[in-house]
Amino acid sequence: MRGISLSRFLIDQQWQSEAIPSDLRLLIEVVARAIKAISINVGKGALAGVLGEAGTGNVQGEAQKKLDVIANEILLEANEWGGHLAAMASEEMEGPHSIPHRYPKGEYLLLFDPLDGSSNIDVNVSVGTIFSVLRCPEGCPADEKAFLQKGSSQVCAGFAVFGPSTVLVLTLGQGVHAFTLDREVGSFVLTQERIRIPEETREFAINMSNQRFWEPPVRRYVEELLAGKTGPRGKDFNMRWVGSMVADVFRILTRGGIFLYPRDTKDPGKPGRLRLMYEANPMAFIIEQAGGAATTGTGRILDVAPTELHQRVPVILGSRKEVQLVSGYHG
Ligand code: FBP
């Protein structure tokens, strides 16, 4: 029922389908509150001196932006004391973050990319936060091994886009819904219910500057898109690349499309740019729940067995028929 608050929506889901245990509902509410706080910081920008580099590096060897660090701290602080979590893991931190002894522990594991699209922060282009929730295996210490579960084991995933409006996209395995932040009231309101991605599309998103590093299947696929009406596809395609996965994926949820950050030879040691646990898995869960598909090129992203907390994978996701075509080109 559009127009209801996130809290009301989650309670309705809990009564209707018992799909959401109350501690998972409360965990989502806490994450949503943290996202509101991040949205306020992002919105302040230069006024609050939160733009620019933090002067520190993350586990990926990337220079951290001030907002990367601020968003990470907001999520850690908000989720430490609620009693819903066994541990947390962040794209910005080497190992899992244990829950301090003074707080009660819960059964869930929370993973997040605190600020996605970091390269766009200082130029006022949409950025976001991505999160994923797993259950901590029974009787298992909440260490790195506990997090290494396939994406198909996620119980919840979501992302927020901090753009002209702040939107939170959420799945609990029963469809995908979007909530817009009502800044006056300070609460997320349901604005898109049971989102479905069109099977077909004429829009693709890829960083074309990497073209010379692509593998033959992707090179062939994109060349055919660029050939448009004059080529084997017989129709023209348009291109969009925001450089923030959250913004590109939200566009695909809203009007269809295909997003590719494929394997390339730019850095042969890296199987891809995007992180499996913090970016690929939550986005793949959301895309599949909205009727789309998500592959590494050679297999379903949600079936990838993780070996490391910060491993990277190739990502191709979006409108089902296009993703199937690219997968077919990978044989
Ligand atoms: P961060 O999480 O560090 O921001 O990296 C991921 C990302 O910014 C994605 O959001 C985006 O799709 C991609 O990297 C952009 O890559 P590129 O800079 O090569 O266009």
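Me: Which residue's backbone oxygen does the side chain of Gln154 reach at 2.9 Å?

Reply: This is a predicted model, in which local features need pLDDT of at least 70 and side-chain atom pairs count only at pLDDT 80 or more, while totals for chains, interfaces and linings use all residues. Residues are numbered from 1 along each chain as its sequence is written, and side-chain values use heavy atoms, with hydrogens and water left out. A polar contact is a pair of N or O atoms within 3.5 Å; within protein, one must be able to donate a hydrogen and the other to accept it, and residues adjacent in sequence count only if both atoms are side-chain atoms. For the side chain of Gln154, the backbone oxygen reached at 2.9 Å belongs to Gly151.

Me: Where does Gln154 lie, and is Gln154 buried or exposed?

Reply: Helices (H or I, at least four residues) and strands (E, at least two) are DSSP runs, numbered from the N terminus. Gln154 lies in the loop between α4 (144-147) and β7 (156-162). Buried means under 20% relative accessible area, exposed over 50%, and partly exposed in between, with a 1.4 Å probe and protein chains only. Because its relative accessible area is 6%, Gln154 is buried.

Me: Which residue has its backbone oxygen 3.0 Å from a polar atom of the side chain of Gln154?

Reply: The partner to look for sits among the buried residues of α7, which include Tyr278, Glu279 and Asn281. The backbone oxygen lying 3.0 Å from the polar side-chain atom of Gln154 is that of Asn281.

Me: How many residues of helix α7 are buried?

Reply: Helix α7 covers residues 276-289 and is mostly covered. Just after α7, Gly291 takes a positive phi of about 90°. Within the helix, the number of buried residues is 12 of 14.

Me: Which polar side-chain atom lies 3.0 Å from an oxygen atom of the ligand?

Reply: Let's compare the polar contacts to the ligand's oxygen atoms. A polar side-chain atom of Glu91 lies at 3.3 Å, and a backbone N or O atom of Gly117 lies at 2.8 Å. The polar side-chain atom at 3.0 Å belongs to Glu279.

Me: What share of the ligand's accessible area does the protein cover?

Reply: Accessible areas come from the Shrake-Rupley method with a 1.4 Å probe; for residues, only the protein chains shown count as cover. On its own, the ligand has 470 Å² of accessible area. The share that the protein covers is 89%.

Me: Where does the ligand sit?

Reply: On a 1 Å grid over the protein atoms alone, a cavity is a set of points where a 1.4 Å probe fits but cannot get out, and a pocket is an open set with protein on both sides within 12 Å along at least five of seven lines; lining residues have an atom within 4 Å of a point. A molecule sits in one of these if more than half of its atoms lie within 2 Å of its grid points. By that rule, the ligand sits in the largest pocket.

Me: Which residues around the ligand come nearest?

Reply: A residue is near a molecule or strand if one of its heavy atoms lies within 4 Å of it. The strands β5 (108-116), β13 (258-261) and β14 (274-275) each supply at least two residues of the shell. Of the 16 residues around the ligand, those that come nearest are Asp116, Gly117, Ser118, Met245 and Tyr261.

Me: How many charged residues does the shell around the ligand have?

Reply: Ala, Val, Leu, Ile, Met, Phe, Trp, Tyr, Cys and Pro count as nonpolar, Asp, Glu, Lys and Arg as charged, and the others, Gly among them, as polar. The shell has five nonpolar and five polar residues. Its number of charged residues is six.

Me: What is the phi of Asn124?

Reply: Asn124 has its place in the loop between β5 and β6 (127-135). With a relative accessible area of 75%, Asn124 is exposed. Although Asn124 is not a glycine, its phi is positive, at about 60°.

Me: How far apart in space are Ile28 and Tyr278, C-alpha to C-alpha?

Reply: Ile28 has its place in helix α2 (residues 22-44), and a relative accessible area of 2% makes Ile28 buried. Tyr278 is one of the buried residues of α7. The two are 250 residues apart in sequence, and their separation in space is 16 Å.
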